[in-house]
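Biologist: Could you take me through this model? I have some questions about pockets, ring pairs and a few odd residues.

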Amino acid sequence: MAQISDIHIDGGDRATERTARVLDYLTGLDTPPDAVLLTGDLADRGLPAEYELVRKLLPTGFPVLHCPGNHDARAPYRQVLLGQSGGDAPINQVRRVGAAVFAMCDSSIPGRDDGALEAETLDWLEGVLIGTDSPVFVCFHHPPTELGIPFLDRIRQFHTERLAELVRAHPHVVALLCGHAHTPAATTFAGRPVLVAPGVVSTVLLPGERGGHIDLVAPPMVAFHVLHEDGRLSTHYRVAP
């Protein structure tokens, strides 16, 4: 499957063109991905018109899974992308793709840039994990641990104790997939891989790299996750040409 993140659709040409570039790359592959996962910040300001544009951009040739980020707004997200009535409760979804289950959790906190999983979401996630013995990918926007980029680490996912307990208690959790950091990265949490998708709209620079905090010129990238028959996971990062 393919994972992208942080498209930040704002009605302007730049974000739209970069997102279209990535999606055209994916739809043009000789072997299309089993699914595309978009880990948050679909819209830039959470406006209904932005979600209408997101809906038009998303491809139809394979399943597209997504969860909200800190720039998203729950009510218009629900109404436009999910066809549901509005509401401010967390947006949690579960989908099966092939042999794997994807638990897409809402780590956003309305009005804030940092994240956390609400008790309602953790209860829901526990039910998903108990209800299947298939491989499970736990997906959300905010990384649940530090990545070594100070200004990002201040707005990561916090209050992760119960999440760690759930991951440790369920060995069929393959990995945690997230975005938010606008950089391809890999680390661990509760003994499992944490794989961070690069940001489509921009790339965050590491401390010590020249050019400030954000690179707006670097090309957008995609993460490809391969789940092997023996349960191993391989991840490849590619630039969208």
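Modeller: What follows goes through the annotated domain, the pockets, the cavity, the aromatic pairs and some single residues.

Biologist: What kind of model is it?

Modeller: It is a predicted model.

Biologist: Which residues does UniProt list for the domain?

Modeller: The UniProt record lists residues 2–184 under "domain: Calcineurin-like phosphoesterase", in an unreviewed entry. Annotations of this kind may be inferred rather than shown by experiment.

Biologist: How much helix and strand over residues 2–184?

Modeller: That stretch is 32% helix and 17% strand. The C-alpha atoms at its ends are 13 Å apart.

Biologist: Pockets next. How much space lies in the largest pocket?

Modeller: About 430 Å³. The largest pocket is lined by 20 residues, and Met1, Asp34, His225, Val226 and Leu227 are the closest to its centre.

Biologist: Which strand gives the most to that lining?

Modeller: Strand β12, with four residues. β5 (100–104), β12 and β13 (233–239) each supply at least two lining residues.

Biologist: And how does the lining of the largest pocket divide by class?

Modeller: There are 15 nonpolar, four polar and one charged residues in it.

Biologist: What about the second largest pocket, how much space is there?

Modeller: The second largest pocket holds about 250 Å³. Its lining has 16 residues, and those nearest the centre are His8, His71, His180, His182 and Ile214.

Biologist: What classes make up that lining?

Modeller: Six nonpolar, six polar and four charged residues line the second largest pocket.

Biologist: How many cavities of 30 Å³ or more are there?

Modeller: The count is one cavity of 30 Å³ or more. The largest cavity has about 40 Å³ of space.

Biologist: Which residues line the largest cavity?

Modeller: Pro143, Thr145, Leu147, Leu152, Asp153, Arg156, His180 and Ala181. By class, that makes four nonpolar, two polar and two charged. His180 is also one of the residues nearest the centre of the second largest pocket.

Biologist: Changing topic. How many aromatic pairs does the structure hold?

Modeller: Three. In one of them, the ring centres of Tyr25 and Phe224 are 6.3 Å apart and the planes are at 70 degrees, so the pair is edge-to-face. Planes over 60 degrees apart count as edge-to-face.

Biologist: Where do those two residues sit in the chain?

Modeller: Tyr25 is in helix α1 (residues 13–27) and Phe224 is in strand β12 (residues 221–227), so to speak a link between distant parts of the chain, with the two positions 199 residues apart. Both Tyr25 and Phe224 are buried.

Biologist: Why is the pair of Tyr51 and Tyr77 edge-to-face?

Modeller: The planes of the Tyr51 and Tyr77 rings are at 70 degrees, with centres 5.7 Å apart, so that pair is edge-to-face. Tyr51 belongs to helix α2 (residues 48–57) and Tyr77 to helix α3 (residues 74–82), 26 residues apart.

Biologist: Are those tyrosines buried or exposed?

Modeller: Tyr51 has a relative accessible area of 0% and is buried. Tyr77 is buried, with a relative accessible area of 0%.

Biologist: Helix α3 also contains Arg74. Is Arg74 buried or exposed?

Modeller: Arg74 is buried because its relative accessible area is 7%, and the cut-off for buried is under 20%.

Biologist: What does the Arg74 side chain contact?

Modeller: The side chains of Arg74 and Glu118 are joined by a polar contact of 3.4 Å.

Biologist: Now the loop between β1 and α1. What is the phi of Asp6 in that loop?

Modeller: Phi of Asp6 is near 55 degrees, which is a positive value in a residue other than glycine. Asp6 is buried, at a relative accessible area of 0%.

Biologist: What about Asp10 and Gly12?

Modeller: Asp10 lies in the loop between β1 and α1 and is partly exposed at 32% relative accessibility. Its C-alpha atom is 8.4 Å from that of Leu47, 37 residues away along the chain. Gly12 lies in the loop between β1 (2–4) and α1 and is partly exposed, with a relative accessible area of 25%. From Gly12 to Glu50 the C-alpha distance is 9.7 Å, with the two 38 residues apart in sequence.

Biologist: Last one: where is His159, and is it buried or exposed?

Modeller: His159 is in the loop between α5 (150–153) and α6 (161–169), and at 63% relative accessibility it counts as exposed. Phi of His159 is near 55 degrees, a positive value in a non-glycine residue.

Key
Residues numbered from 1 in each chain as written. Predicted model: local features only at pLDDT ≥ 70, side-chain atom pairs only at ≥ 80, totals over all residues. Heavy atoms only, no water. Phe/Tyr/Trp six-rings, centres within 6.5 Å; stacked < 30°, edge-to-face > 60°. Buried < 20%, exposed > 50% of the residue type's maximum accessible area, 1.4 Å probe, protein only. 1 Å grid on protein atoms, 1.4 Å probe; cavity = no way out; pocket = protein on both sides within 12 Å on 5 of 7 lines; lining within 4 Å. Points joined across faces, edges and corners; volume = space filled by probe spheres on them. Nonpolar A, V, L, I, M, F, W, Y, C, P; charged D, E, K, R; others polar. Polar contact = N/O pair within 3.5 Å; in protein donor to acceptor, adjacent residues only side chain to side chain.
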